[in-house]
Amino acid sequence: MENDSRTVSFQRLSSVDSIVSDDSCEYYQTDIYEQLPSSLSKRRCQYVDQAQEDDDYEDFEYVSHLNRDWSSTQPLKMLPLSLQEKKEIREKRNQERLSINPWKSWTQSQQIARRRLREQLEMFFSGLLPWKRTLNKIEGGFGVGVKAYFVFLRYLLCLNLLNCAIIIGSVLIPSLIVGNRSPPWYKTWKNDSVLDIFLGSGFLERSPIFYKFYEYKALEPICLNTSLLFFAGMVSILILSLIMIVHRAVVGYKHTWLTGSSFTGNMSKKVFCGWDFCIQDAQTASLKHSFIRNELKMDLEEQRFRLKVSQRTLKQWVVLCFLRAALNFLVLLLLGGSFALIYCASVASEKKIFIHWTLNLFWEYLPPITITLVNLLLPQLFNTISVFEDYSLTTQLNLTLVRSIFLKLASLGIFLFFLIRKPIATGKCDETEFGKEMYKLTVFHLLACVCNVLVAYPRALLVEKCPSSKLAKKVGKPEFVIPLNVLDLVYSQTVIWVGVFYCPLLPAISILKLLAIFYMKKFTLVRCCVPAQRMFRTTSSSVLFNFMLLLGLIMSAVTLGININRFERGHCGPFTCENSVFNVTSKCVMTLPEPAQTAISYITSEAFAFALILAEAIILTSFVSRGTANRKAIERLKDMLIMCSSDKRFLVKQHSTLVRRQKKIQKNTEEMADYVSNISRES
């Protein structure tokens, strides 16, 4: 009893700690029963009893996992049990079905049916996702990081499809039905030209693409009008985008938190459980080989860097800190110079020149050209600077992403600041002029992607046709730089959100642009790029992608709020004169019954906001507490698993020691018997 009550500190033992020499075997033999799994299970029961007494059983939820009664409707294939145990559970469930009442049996059958329906719907919708086979080929050839970029592009494409559907249903169709224009908007005039496609003027300015096309029209119900539908559609786009981005970021962070901190378990899983034995196609098998190989390269790269960091001296750490401080100061200087250059280009573009149509077009596109050049050159410098800072490859990626996204969003913010500070012109639709600027940014981003392909393909041909030339060896085929390409997508989507209010069909243009970018990037990757020599992990980077996208959405919402206040009394569009954005819902609210008006007034008051914030704080506190308790329980489980592994190694060593001793004793006994028999024969 005294030995059973002793407590043992669960420490993570390495393989070196479990090795026992022949001389120290007796010492370990005294404590062997405390280190066996059976004694650990006894202590688990003691912990459970103690937790029940303290009414805090949640901290030990995972500790009692092994003693759980698996009598629920959870599928057998999901249970972490052996085949024999699963057979016993199946027989137990069959016996329970015969003894339970009809209501409980019907409830369980409905739960199973709902679960199977949910699984089938998930499989159906996952099968509808485009480019699934293409993404698997990209992952096998270039790693999971490159695939993450194309998955992110596909996600933005689906998001813009939903936004486009909302705009068509709530903005475009009502305006086309009740609109009565003379002449029609699709008629071309004499002054229209091909340049209108790039400038957003002429027939495009009169089309449903821009804000000026939409006017205030009353519909059949008293409170329903095109202004209200326009406002509801734009708010729905922002709310839907916010929900989807936050959900994706939370799911990615959960996956990163569960799997991103440990590499040993992942290595064992990839080596022993990574193969899919259902594969029958040779090409699929080759892709699976590539998946596993790339994953192992990432794990080995992370462990190699950790070993390098552990061997640094104090002098090396001091020199590295000074170097990183100097490089960060250089980054700040580059950012400040780029912002000043963008502002000067925006000011210069306001001066109209009339020399030649090409120069006029260049002058109109001077701010987009400057922003694109800055966003093209500085991230390359940031990527080079991060190499000298001597971080891990994943940290280098994330640091380059943070610096580059600050550059891209801040450069766009400088341009928006210039547009907001610009005085309102008389005789023009200022809202449409703002939408034109976002339209030009979107068009020029597509043109920049086309130029990138036109530059990368001749470079690849030079390397393939003349591999021995000095120029080809110096230039070489490029690698697919994931941070820069992801930031282009974030920048592009931010421009869409900023301009969607004043250019409602901008998401439809973005859909066509994303489709073109996908196939151009795929061609550039497969035909013009080489696989990266160093692999990196994308679990934390995927969360960072969505966080940067969330920053872009917040920036667009702030810009929209400022512009709405700036154009409060517009002269065009659905919100003119008394029909402003601020009172668009007042007519509908006044037609509601008195209790409904009182409820809406309370919901929009400060008292309700305070109660809502208080409830959110309580809910978040409870979730944080549960997360802390679960984290402690997971740490205990890890300690127990490592202790059990150390016990097994110790027992194997102990067994081999005892076997050697028995053999030695048997040999000495045989020698003694031979010696005695020889003496007896001599006597």
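The paragraphs below follow the salt bridges of this predicted model and then turn to its cysteines.

Seven salt bridges are found in the structure, and three of them are described here one after another, beginning with a pair that involves Lys 436. The side chain of Lys 436 is paired with that of Glu 205, with 3.1 Å between the closest N and O atoms. Because Lys 436 belongs to helix 16, which covers residues 430-465, while Glu 205 sits in the loop between helix 8 (196-199) and helix 9 (226-259), this salt bridge ties together parts of the chain that are 231 residues apart in sequence. Both partners are shielded from the surroundings by the measure of relative accessible area: Lys 436 is buried at 9%, and Glu 205, at 18%, also counts as buried, since the cut-off for that class is under 20%.

Lys 436 has a further partner in Glu 433, and here the N to O distance is 3.4 Å. In this case the two residues are neighbours within one element, for Glu 433 and Lys 436 both lie in helix 16, three residues apart, which is about one turn of the helix. Glu 433 has a relative accessibility of 25% and therefore counts as partly exposed, whereas Lys 436 is buried. Through the shared partner, the salt bridges join Glu 205, Glu 433 and Lys 436 into one network.

Another salt bridge links Asp 488 with Lys 408, whose closest N and O atoms are 3.0 Å apart. Asp 488 is part of helix 18 (residues 482-499) and Lys 408 is part of helix 15 (residues 393-421), so that this pair connects parts lying 80 residues apart in sequence. The surroundings of the two side chains can be described separately: Lys 408 is buried, with a relative accessible area of 2%, while Asp 488, at 22%, counts as partly exposed.

What, then, does a search of the whole structure find in the way of disulfides? The search finds zero, and Cys 449 offers a case in which the reason can be followed. The cysteine sulfur closest to that of Cys 449 belongs to Cys 451 and is 9.2 Å away, which is too far for a bond, given that a disulfide requires the two sulfur atoms to be within 2.5 Å. Cys 449 is itself buried, having a relative accessible area of 8%, and Cys 164 is likewise buried, with a value of 12%.

Notes: Residues numbered from 1 in each chain as written. Predicted model: local features only at pLDDT ≥ 70, side-chain atom pairs only at ≥ 80, totals over all residues. Heavy atoms only, no water. Salt bridge = Lys/Arg side-chain N within 4 Å of Asp/Glu carboxyl O. Helix = DSSP H or I, 4+ residues; strand = E, 2+ residues; numbered from the N terminus. Buried < 20%, exposed > 50% of the residue type's maximum accessible area, 1.4 Å probe, protein only.
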